Amino acid sequence: MREIADMAEVLLYHHIQGLTDGVRAFADDLRTAGHTVHTPDLFGGRTFGSIEEGFGFARETGFDAIRERGAAAAEELGAGLVYAGFSFGVTIAQRLAQTRPGARGALLLHSCLPVAEFGEAWPEAVPVQIHGKEGDEFFEEDLPAARELAGSAAAAELFVYPGDQHLFADSSLDAYDPEASALLRERVRAFLASVTPAATA
């Protein structure tokens, strides 16, 4: 018998500026490690040069309508997914990780909502990683919820990086931090390896 890797299937939701080249590159990095990564485009091909412009579009379109597009993308796939999100995408990924049966894990990048938004407690069988910058004005608001989640869930990790950039893991934006992003990706790859145990064949 030999050991073969049972690689993860990841559903990755983009941030408020859209499905940028940087989000695509992040997904490609995980694919290079052998994982299957789905990147639904919730903005219909549109990307925005600033967070403010992206929020303007989302308000006009309807936040709930966009989130429902994200949920619909999950329905097209099977169970056993790792739900991941960049910032705004976390609002979809976290909801699904907490409420959709069969979740294998959750990656919450640049954001974290209170667990009580979607249930009484974080699902015991769903490991989670949270990443953000300590001086990021957006993540600062989420940090209490992130610390509460990290302290209450059996398999939860919170990583806080120095600096104030929000979308620092998106290589196509001015906020990109190569050093912090490299460390984040290393930790994400380790997380995916930990939630996909080897299978025998």
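This briefing covers helix packing and several buried residues in one structure. The model is predicted. Three helix pairs are described: helix 1 with helix 6, helix 2 with helix 3, and helix 3 with helix 4. Helix 4 is mostly covered. Individual residues treated below include Gln129 in strand 6, Ala84 in strand 4, and two non-glycine residues with positive phi, Ser87 and His110.

**Helix 1 and helix 6**

- Helix 1 spans residues 21-32 and helix 6 spans residues 178-194; their axes come within 11 Å and cross at roughly 45°.
- Helix 1 is therefore oblique to helix 6, since the angle falls in neither the parallel, the antiparallel nor the perpendicular class.
- The crossing of helix 1 past helix 6 is right-handed.
- On the helix 1 side the contact is made by Ala25, Phe26, Asp29 and Leu30, and on the helix 6 side by Leu184, Arg185, Val188, Arg189 and Leu192.
- By class, this contact of helix 1 with helix 6 holds six nonpolar residues, three charged ones and no polar ones.

**Helix 2 and helix 3**

- The axes of helix 2 (residues 51-61) and helix 3 come within 6 Å, with a crossing angle of roughly 90°.
- Helix 2 and helix 3 are therefore roughly perpendicular to each other, as angles of 65 to 115 degrees are classed that way.
- Helix 2 contributes Phe55, Ala58, Arg59 and Thr61 to the contact, while helix 3 contributes Phe63, Ala65, Ile66 and Arg69.
- Five nonpolar, one polar and two charged residues make up the contact of helix 2 with helix 3.

**Helix 3 and helix 4**

- The axes of helix 3 and helix 4 cross at roughly 45° and come within 9 Å.
- This makes helix 3 oblique to helix 4.
- Helix 3 passes helix 4 in a right-handed sense.
- From helix 3, the residues Ile66, Arg67, Glu68, Gly70, Ala71 and Ala74 meet Thr91, Ile92, Arg95 and Leu96 of helix 4.
- The contact of helix 3 with helix 4 divides into five nonpolar, two polar and three charged residues.
- Ile66 of helix 3 takes part in the contact with helix 2 and also in the contact with helix 4.

**Surroundings of helix 4**

- Helix 4 covers residues 90-99, and eight of its ten residues are buried.
- The buried residues are Val90, Thr91, Ile92, Ala93, Gln94, Leu96, Ala97 and Gln98.
- These buried residues pack against helix 3 (63-75) and against three strands: strand 2 (9-13), strand 4 (82-86) and strand 5 (105-109).
- Thr91, Ile92 and Leu96 are among the buried residues of helix 4, and each also belongs to the contact with helix 3.

**Gln129 in strand 6**

- Gln129 lies in strand 6, which runs over residues 128-133.
- With a relative accessible area of 1%, Gln129 is buried, because the cut-off for that class is under 20%.
- The Gln129 side chain makes a polar contact with the side chain of His131 at 2.8 Å.
- The side chain of Gln129 also reaches the backbone oxygen of Arg187 at 3.1 Å.
- Leaving out residues up to four places away in sequence, Gln129 touches Ala106, Leu107, Leu108, Glu157, Phe159, Arg187, Val188 and Phe191.
- One of these neighbours of Gln129, Val188, is also part of the helix 6 side of the contact with helix 1.

**Ala84 in strand 4**

- Ala84 is placed in strand 4.
- The relative accessibility of Ala84 is 2%, so Ala84 counts as buried.
- Ala84 and Gly105 are 21 residues apart in sequence, and their C-alpha atoms are 8.4 Å apart in space.
- Not counting residues up to four places away in sequence, Ala84 touches Val10, Leu11, Leu12, Tyr13, Ala93 and Leu107.
- Ala93, touched by Ala84, is one of the buried residues of helix 4.
- Leu107 is touched by Ala84 and also by Gln129.

**Loop residues with positive phi**

- Ser87 is not a glycine, yet it has a positive phi of about 50°.
- Ser87 is in the loop between strand 4 and helix 4.
- Ser87 counts as buried at 13% relative accessibility.
- His110, likewise not a glycine, has a positive phi of about 75°.
- His110 is in the loop between strand 5 and strand 6.
- His110 is buried, with a relative accessible area of 1%.

Definitions and conventions
Residues numbered from 1 in each chain as written. Predicted model: local features only at pLDDT ≥ 70, side-chain atom pairs only at ≥ 80, totals over all residues. Heavy atoms only, no water. Axes fitted to C-alpha atoms, helices over the stretch in contact; angles between N-to-C directions. Helix = DSSP H or I, 4+ residues; strand = E, 2+ residues; numbered from the N terminus. Parallel < 35°, antiparallel > 145°, perpendicular 65-115°, else oblique. Left-handed = near helix turned anticlockwise from the far one by under 90°. Contact = heavy atoms within 4.5 Å. Nonpolar A, V, L, I, M, F, W, Y, C, P; charged D, E, K, R; others polar. Buried < 20%, exposed > 50% of the residue type's maximum accessible area, 1.4 Å probe, protein only. Polar contact = N/O pair within 3.5 Å; in protein donor to acceptor, adjacent residues only side chain to side chain.
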